[in-house]
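Reader: I am new to this structure. Could you take me through it in short steps?

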Amino acid sequence: MSINSKIFQNKSKIINRRMFILSTIKVVVFFGIISRLFYLQISENIKYRSLSDKNRLREWKIIPQRGILEDYFGTKIAENTQVYQLHMIPEDVPNLNELFFKLSKIINFNEEKKNYLIKRLKKRKPWQPIIISDNLSWSEFSKVNLFLHEVQGIKPVVSVARQYHNDGSNSHIVGYVSDTSAKDLKNSEFLRDINIPGLKTGKNGLEKSLNKQMIGVPGLQRFEVNAYGKRIKELDIVKGIAGKNFRTTLDQEVQKFTLTLLKDKSGAVCVMDIYTGDIVCMVSSPTYDANKFVHGISRDYWSSLINDKFKPLINKPMAGLYPPGSTIKPIVALSALENDVVSTKLVVECRGSVERYGHTYHCWKEKGHGFMNLRNAIKQSCDIYFYETARRLGIDRMSITAKNFGLGKKVLSSFNEEQIGVVPNTKWKLENIGKSWYLGETLISGIGQGYFQSTPLQLCLMISQLANGGYEIKPRIVDDKYALQATIDTWREEFSLRKIDINLTSPNIKKLYRNKENIKFVLDALYGATNEPMGTSYKSRFSKEKYMFAGKTGTSQVRTITEEERRLKLKNIDLPYEKRDHALFTAFAPYKNPRYGISVVIEHGGSGSSGAAPIARKVIKKVLDRHQLRKKYQLDLFQEA
Amino acid sequence: MQTEYFQKNNKTIIDKFFALDFILIFLVLILGAISLFAMYSTEKGNFNYYTQSHLYRFFIFFLIFILFSFVKIQVWFKLSYIFYFIVILLLIGVDFFGITSSGSKRWVNLFFINLQPSEIMKVSLIIFLARYYNKIPSAEVNHIKFMIIPIFAIFIPVSFVVNQPDLGTALLIVITGLFVIWLAGISMKYFIFSSIIVTCLMPVVIAFLKPYQKLRILTFLNPERDPLGAGYQIIQSKIAVGSGGLTGKGYLKGSQSYLDYLPEKHTDFIFTLFSEEFGFVGSILLLSIYALIIYRITKIGTQSRSNFSKLFCYGFASAFFIFVAVNMMMVLGLLPIVGSPLPIMSYGGSSMLSIMIGLGIVMSCKISANDEIS
């Protein structure tokens, strides 16, 4: 026993000793765990707490109300309206195909839409609502509500969407909003920062250039979410700031009226306040329905727009380029007078054509005008006289004056699509075409043909700056009624302009002329062109002094007339549409105490006097009729302020 | 000898009852209560399935614990080989009739319970080795002939468990077995040699690992390499523990678990939930309870006269320690995720049963502390 016992004793000693070692290790390990806990929970607590919050909290941005666009008189031309939408929560739908079938019976829900939805559903979580239809009519919406028990998983939602004035007269200026695309995000840091799903963004026009201010500041909804992203409860809500509203200088009445005048024509009309530069009217015809872009344009409507030969999507007042034709003659005349290369008394004989540098240059009047002085040449738009004027003046001096008066540069800065146009000179040709200037090209430039390219808005600015006595104005289309100071400043500016018109001395206003008499002479010649017999736009004149205007027609060729065509005496109307001349007209009104400048361009509309001037006449009357209203409205606003 | 015999034969139930270690019982009850509260929290404050069955299990297995305490240590000594072989049979049974869940076959249906024999093996291996080494004199322990059986005793169940596959449990069984062998007095040099061999065999073992197991090791080394995939569990677990801070987020307010960010929160990650809600202070408290339990078990071992009792108590205390340590180190990101439950806290019948059986035997050792086993 004793040996056995000893062995046992010995053994338990070993066991106890080893256990002691083991226990020490255990204590060390436990302290290791404690220090790890200390590290995680005490030292790194802040880091993990924020990580936990990042897990737990999810923020949803709320799309702020988009700013409204108004016309000068407060008519809303782009506003927000209630729309009826259908949302679907996929996890609540028992049978997707059955639901789609039922929906197709209730609302306009076709196969194409179904496939698109199924494709999108694959990428989404089952509790994320998906928009099935975002613009239901009231009858569809009420029908869905009636059958709501039949379509499980469907949620009718009243939401807000953009709506544009329905006549479409502002479509090109206002533009439209649509879903933010990947390209939009790529191009705009602002959109990347704001980053709200479902945000509509301005695609063109003012909607685009004022996008940033009109979007506003998004609100915030903070939710606690679970590991699968499902919202558990709302913790916090931060109201956003609605986008800024803007007032444009446009007159919706005039816009609408002008658009009806341009029905079935392709063209543009611009009307500008010659002192303030306010654009009262700017219409591009034909137009399109901007509302159709808001909810994703249908393919049919898109292809109808794309295939229309009148090109309704082009913003013609700004993006349409036309040779100015004879409408440039007042500028050529002014330039020649300012540079003293011709006097008002210079007489040139017009025989219908003239031989220069080995080519024959024709006047529009085949028989010729006979002996012409400068005033008559403007009045009757004699080409031969202006060939001679241009020859004496030279292209470079002519281009300086044309640029001064607004051609060849952007009029408004806020439109991407706005074109610069071309005011040619020797340097320009060398740089852009790589050839030196031919003298013959100077002659046709003198009648606004050749390389000359201008937008209707530029022509409007040109005539306005002539009409106000030769002072530079800065055209604008957005007026900020909501910023008080701006309104007051606007008026100061205007009043000071009016004063300067009499006083002629102010450092702020840039003079565009050298000799005031030259401007007066040109304006008087334009009076003759409209209000005296033989004048090119005589037929469109007003006899009432209140409406009396003065203007210059232009007929710009889009092709070179061949000798054969001249022999055949082809009339414009006999030509195919694409080859017909553009009809142009620029004018200012009223003649005494002028206030508005106007330009009308009708694409392939024939001659300026028959195609463009009659339209201008009606627009001028409308604008002048509303002038007192406009003035009073602004005064009222001013007094309110 | 005479007194021993006297003591051995004259213990009444009352004597036995007063011989119980009430502190240990109290600690186990406290732990049970904490585990129920934690389980209640995993169900977001609802008395649902998990909490209910955890409660029933704890109640039944606690009774088993007490019941087993009154079984004489000699009976346990005699039954130890049989117990071991029954578990081996169950492991074989798993191989043939096992229930497969999430890719591994671990459970066997015993009609009244779905048992995980690999968990029970953790205890039965200890008792097997304790009995085996009881007789062997310490001078001969290092003899090669006495090493064959223990090695097979470990190797056979482990090979079954690895085959399930359940690498975590297999590793824990191996470590448990090695603890007992080491306690029995095997020379340190064998451990050094074998660890050198294991290190050399590492590349071969890695080649045999299943892809998900390799992934776990890679994830352990750098959890951020795949934060939404393999590293998700450990990252979320660390966030939960770390965000708990000093005093925790409050009971039933652990956002990580409440919002389902925490994986396996009923089972392996229950400590994470506890730590998130009760913070550093609570965690230390829980850890102290575990430490005290281990201490009490060790103390019973020290007080026991027989080597069998000593070996079992020490072995079980070490096993208990290693379960706690591995689980905590795992959820705290100190070890790869191997899937080992936290004793008593984690949901899971077999694990709790295994622990309760072990505690029962320990308590039996306590009651017959002065008994000699021959």
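Reader: Does A:Asn593 count as buried or exposed, and how many C-beta neighbours does A:Asn593 have inside 10 Å?

Author: This is a predicted model. A:Asn593 sits in the loop between β19 and β20 of chain A. A residue is exposed if 12 or fewer other C-beta atoms lie within 10 Å of its own. A:Asn593 therefore counts as exposed, and its number of C-beta neighbours inside 10 Å is 8.

Reader: What is the phi of A:Asn593?

Author: Most residues other than glycine have a negative phi. A:Asn593 is not a glycine, yet its phi is positive, near 60°.

Reader: Which peptide bond joins A:Ala589 and A:Pro590, and what is its omega?

Author: A:Pro590 also lies in the loop between β19 and β20 of chain A. Most peptide bonds are trans. The bond joining A:Ala589 and A:Pro590 is cis, with omega about -15°.

Reader: How many residues of strand β11 of chain A are buried?

Author: Take the two faces of β11(A) in turn. On one side, A:Gly267, A:Val269, A:Val271 and A:Asp273 are buried. On the other side, A:Ala268, A:Cys270 and A:Met272 are buried as well. The strand is thus largely enclosed by the rest of the structure, and the buried count is 7 of the 7 residues.

Reader: Which residue of β20(A) stands opposite A:Met272?

Author: β11(A) pairs with strand β20 (residues 596–602) of chain A. The pairing is antiparallel and has 7 bridges. Opposite A:Met272 stands A:Gly597.

Reader: Which residue takes a positive phi in the hairpin of β11(A) and β12(A)?

Author: β11(A) is also joined to β12 (residues 279–285) of chain A, by 6 bridges, and the two run antiparallel. One facing pair is A:Val269 and A:Val283. The hairpin has 5 residues between the strands. The residue with a positive phi, near 80°, is A:Gly277.

Reader: What is the omega of the peptide bond from A:Ser285 to A:Pro286?

Author: A:Pro286 is in the loop between β12 and α12 of chain A. The bond from A:Ser285 to A:Pro286 is cis, with omega near -10°.

Reader: Which residue in the turn between β14(A) and β15(A) has a positive phi?

Author: β14 (residues 353–356) and β15 (residues 359–362) of chain A run antiparallel and share 4 bridges. A:Val354 has A:Tyr361 as its bridge partner. The hairpin has 2 residues between its strands. In the turn, the residue with a positive phi of about 50° is A:Tyr357.

Reader: How many residues of chain A are in contact with chain B?

Author: Start from chain B, where 39 residues take part. α13(B) gives the largest share of that side, 10 residues. That side of chain B divides into 21 nonpolar, 15 polar and 3 charged residues. On chain A, the number of residues in contact is 38.

Reader: What arc do the buried residues of α7(B) cover around the axis?

Author: The buried residues of α7(B) are B:Pro150, B:Ala153, B:Ile154, B:Pro157, B:Val158, B:Phe160 and B:Val161. They lie on the same side of α7(B), because the arc they cover is only 160°.

Reader: Which elements do the buried residues of α7(B) pack against?

Author: The other side of α7(B) has exposed residues, including B:Ile148, B:Phe152 and B:Ser159. The buried residues of α7(B) pack against α5, α6 and α8 of chain B.

Reader: What span should the 16 residues of helix α7 of chain B have?

Author: The helix covers residues 148–163 of chain B. The step is 1.5 Å a residue, and the end C-alpha atoms are 22 Å apart. That agrees with the span expected, which is 22 Å.

Reader: Which strands of the open sheet in chain B are the edge strands?

Author: The sheet has 3 strands in the order β1-β2-β3, with antiparallel pairing. Between β2(B) and β3(B) there are 2 bridges. An edge strand pairs on one side only, and here the edge strands are β1 and β3 of chain B.

Conventions. Residues numbered from 1 in each chain as written. Chains lettered and ligands numbered in written order. Predicted model: local features only at pLDDT ≥ 70, side-chain atom pairs only at ≥ 80, totals over all residues. Contact = placed C-beta atoms within 7 Å. Nonpolar A, V, L, I, M, F, W, Y, C, P; charged D, E, K, R; others polar. Expected span 1.5 Å × (residues − 1). Buried ≥ 20, exposed ≤ 12 C-beta atoms within 10 Å, placed from the backbone. Arc of directions from axis to C-beta. Pairing = 2+ DSSP bridges.
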